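Colleague: I should be grateful for a close look at a single part of this model. Please describe the part around the metal site and the strands beside it, and explain how the pieces are connected.

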Amino acid sequence: MDDCIFCKISRGDIPANKLYEDDEVLAFWDLNPQAPKHFLIIPKKHVVGPADLAREDEPLMGRLTRKASELADKHGIPDFRLVMNNGAKAGQSVFHLHMHVLGGRPLSWPPG
Ligand code: 5GP
Ligand code: ZN
């Protein structure tokens, strides 16, 4: 996707502060953090959001979740929240699937 900002980050066309990268997955710190520790983990494959996942993406989503947890542990975030926004009214602003990993402070519930 030529004009997708997260595809551009995946391709290395624009910079990001990366925590982890492999063939399938990329994690980088959020530009506008909502908690003391806030990073995003994305599939390199362009998927618009959770509602657009195909059955074949199930292993990829498992990897994303496990890698998010592993990176949270590695970066000193034992308690964290995983968030995926689907659709503008749910707060999605970048339409390339991403999981937010938030922590470093007590997090309230319910979210806004
Ligand atoms: P959404 O609102 O779609 O769930 O989350 C998109 C997130 O991407 C936001 O938290 C926003 O701060 C972050 N973001 C948007 N553009 C960039 C960027 O170019 N670099 C980084 N590191 N984060 C970005
Ligand atoms: Zn994309």
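Modeller: The account below begins at the metal site and then proceeds to the aromatic pairs, the strands and one lysine.

Please bear in mind throughout that this is a predicted model. The zinc ion (ligand 2) is held by two cysteines and two histidines: Cys4 and Cys7 each contribute SG, while His46 and His96 each contribute ND1, at 2.0 to 2.3 Å. The angles subtended by these four donor atoms are 106 to 116°, and the arrangement is therefore tetrahedral, since the criterion requires all angles to lie between 85 and 135 degrees. For comparison, the ideal angle for four tetrahedral donors is 109.5 degrees. Along the sequence, the donor residues of the zinc ion (ligand 2) follow the spacing C-x2-C-x38-H-x49-H. Cys4 belongs to the segment before α1 (5-11), whereas His46 belongs to the loop between β3 and α2, so this pair ties together parts that are 42 residues apart in sequence. The surroundings of these two donors may also be stated: Cys4 has a relative accessible area of 8% and is therefore buried, the limit being under 20%. His46, at 24% relative accessibility, counts as partly exposed.

The aromatic residues provide further links. How many aromatic pairs does the model contain? The count comes to two. In one of them, the ring centres of Phe6 and Phe28 are 5.3 Å apart and the planes stand at 80°, so the pair is edge-to-face, a term that applies to planes over 60 degrees apart. Because Phe6 lies in helix α1 and Phe28 in strand β2, the pair ties together parts that are 22 residues apart in sequence. Both rings belong to buried residues: Phe6 has a relative accessible area of 7%, and Phe28 has one of 3%. Trp29 and Phe39 form another edge-to-face pair, with 5.6 Å from centre to centre and 85° between the planes. Here Trp29 lies in strand β2 and Phe39 in strand β3, so the parts tied together are 10 residues apart in sequence. Trp29 counts as partly exposed at 24% relative accessibility, whereas Phe39 is buried, with a relative accessible area of 0%.

The strands that carry these rings are themselves joined. Strand β2 (residues 25-29) and strand β3 run antiparallel and are connected by five bridges. Within this pairing, Phe28 has Leu40 of β3 as its bridge partner. Strand β3 also runs antiparallel to strand β5 (residues 99-103), again with five bridges between them. Leu40 takes part here too, for its bridge partner in β5 is His100. Strand β3 (residues 37-43) is mostly covered, with six of its seven residues buried.

One residue of helix α2 completes the description. Lys67 is found in this helix, which spans residues 58-74. Is the lysine buried or exposed? At 11% relative accessibility, Lys67 counts as buried, because this value is under 20%. Its side chain makes a polar contact of 3.0 Å with the side chain of Glu70. Leaving aside residues up to four places away in sequence, Lys67 touches Tyr20, Val25 and Ile41. Of these, Val25 falls within the residue range of strand β2, and Ile41 within that of strand β3.

Notes: Residues are numbered from 1 along each chain as its sequence is written. Chains are lettered from A and ligands numbered from 1 in the order in which they are written. This is a predicted model: local features need pLDDT of at least 70, side-chain atom pairs count only at pLDDT 80 or more; totals for chains, interfaces and linings use all residues. Side-chain values use heavy atoms; hydrogens and water are left out. Buried means under 20% relative accessible area, exposed over 50%, partly exposed in between (1.4 Å probe, protein chains only). Helices (H or I, at least four residues) and strands (E, at least two) are DSSP runs, numbered from the N terminus. Two strands pair if DSSP finds at least two bridges between them. A polar contact is a pair of N or O atoms within 3.5 Å; within protein, one must be able to donate a hydrogen and the other to accept it, and residues adjacent in sequence count only if both atoms are side-chain atoms. Contact means heavy atoms within 4.5 Å. Donors are N, O and S atoms within 2.8 Å of the metal (3.2 Å for Na, K and Ca); water is not among the atoms, so sites may look incomplete. Four donors count as tetrahedral if all angles lie between 85 and 135 degrees; four count as square planar and six as octahedral if opposite donors are over 155 degrees apart and all others between 65 and 115; anything else is irregular. Rings of Phe, Tyr and Trp (its six-membered ring) pair if their centres lie within 6.5 Å; planes under 30 degrees apart count as stacked, over 60 as edge-to-face and the rest as tilted.
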